[in-house]
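User: I have a model open and want to go through its strands. Please keep the answers short.

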Amino acid sequence: MAEMKSDLASELHGKIGDKLYRTLATGKILVTPPSKEPTFVDEKDRDDRDTRMKGYGGSGHFASVVNDAIKIGFPREKRGEQPLGKFMQYNAKTLCKSAKNEKGELVRVYDFKKMVVAAGNLLRANVTVAFDKATGVFTFTQEADSRGGTRANPNDRVYALIIDGVNEDAEFMLLRERSESGGTSFSVPEWWDKENLFVYVFAGTRTKKKASPSICLYPAE
């Protein structure tokens, strides 16, 4: 790493050629070589590394699909904490693995039943869901829960997340408040893969400062 002072530019950031540049608050410019790829004595170690990284990358990739849900499902508990970071904390090792296909290429393999889109100490809501494959309609049925206290409030909001794991699309919707009963329906888009649908529900406070753990209700098995 080297320091420099430039009369030609007041600030330099990023990569130029094979060097990385960063300008400090003092005006000094740090010049560093790019990070080197790790070396492996055994080629299997490289393959294992690539497989793990492909899995981690898949979890980060899918966070953008469920972003609307995790912004509410993972409330910030301390300064600097972000929903993406908490999503990765809960999912990086379990949501996505990688495996080689028949061509020897690494592909992502998701286990959506294990995906967590909300976490916290609120109590879960009384919601069930049924799916009519013929019509492509999900029906949510909610039973009223009027409990109060630190883990449940009658005005908590109940949410549902429906995802198509193949087409990587999602619908995030508000069902109703915890103290209400009723039914809500959602028609799956025609182009969604009806054999790879997953439904999650969780509750959150109106202030969006607390959430319950998410539950994968569909498929049930």
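User: How many residues of strand β12 (residues 197–204) are buried?

Analyst: This is a predicted model. Buried here means under 20% relative accessible area. Strand β12 is mostly covered. The count of buried residues in β12 is eight of eight.

User: Which residues point the other way from Leu 197, Val 199, Val 201 and Ala 203 in β12?

Analyst: In a regular strand, side chains alternate between the two faces of the sheet. Leu 197, Val 199, Val 201 and Ala 203 point one way from β12, and they are buried. Pointing the other way, and also buried, are Phe 198, Tyr 200, Phe 202 and Gly 204.

User: Which residue in β12 is the bridge partner of Tyr 159?

Analyst: Strand β9 (residues 157–164) pairs with β12 over eight bridges. The sense of that pairing is antiparallel. The bridge partner of Tyr 159 in β12 is Phe 202.

User: Which residue in β13 stands opposite Tyr 200?

Analyst: β12 and strand β13 (residues 215–218) run antiparallel. Three bridges join them. Opposite Tyr 200 in β13 stands Cys 216.

User: Which strands stand at the edges of the open sheet β7-β8-β11?

Analyst: The sheet has three strands in the order β7-β8-β11, with antiparallel pairing. Each edge strand has a single partner strand, so one side of each is left without a neighbour in the sheet. The edge strands are β7 (127–132) and β11 (182–187).

User: What is the bridge partner of Asp 132 in β8?

Analyst: β7 and strand β8 (residues 137–142) pair in the antiparallel sense. Six bridges make up that pairing. The partner of Asp 132 is Val 137.

Notes. Residues are numbered from 1 along each chain as its sequence is written. This is a predicted model: local features need pLDDT of at least 70, side-chain atom pairs count only at pLDDT 80 or more; totals for chains, interfaces and linings use all residues. Side-chain values use heavy atoms; hydrogens and water are left out. Two strands pair if DSSP finds at least two bridges between them. Helices (H or I, at least four residues) and strands (E, at least two) are DSSP runs, numbered from the N terminus. Buried means under 20% relative accessible area, exposed over 50%, partly exposed in between (1.4 Å probe, protein chains only).
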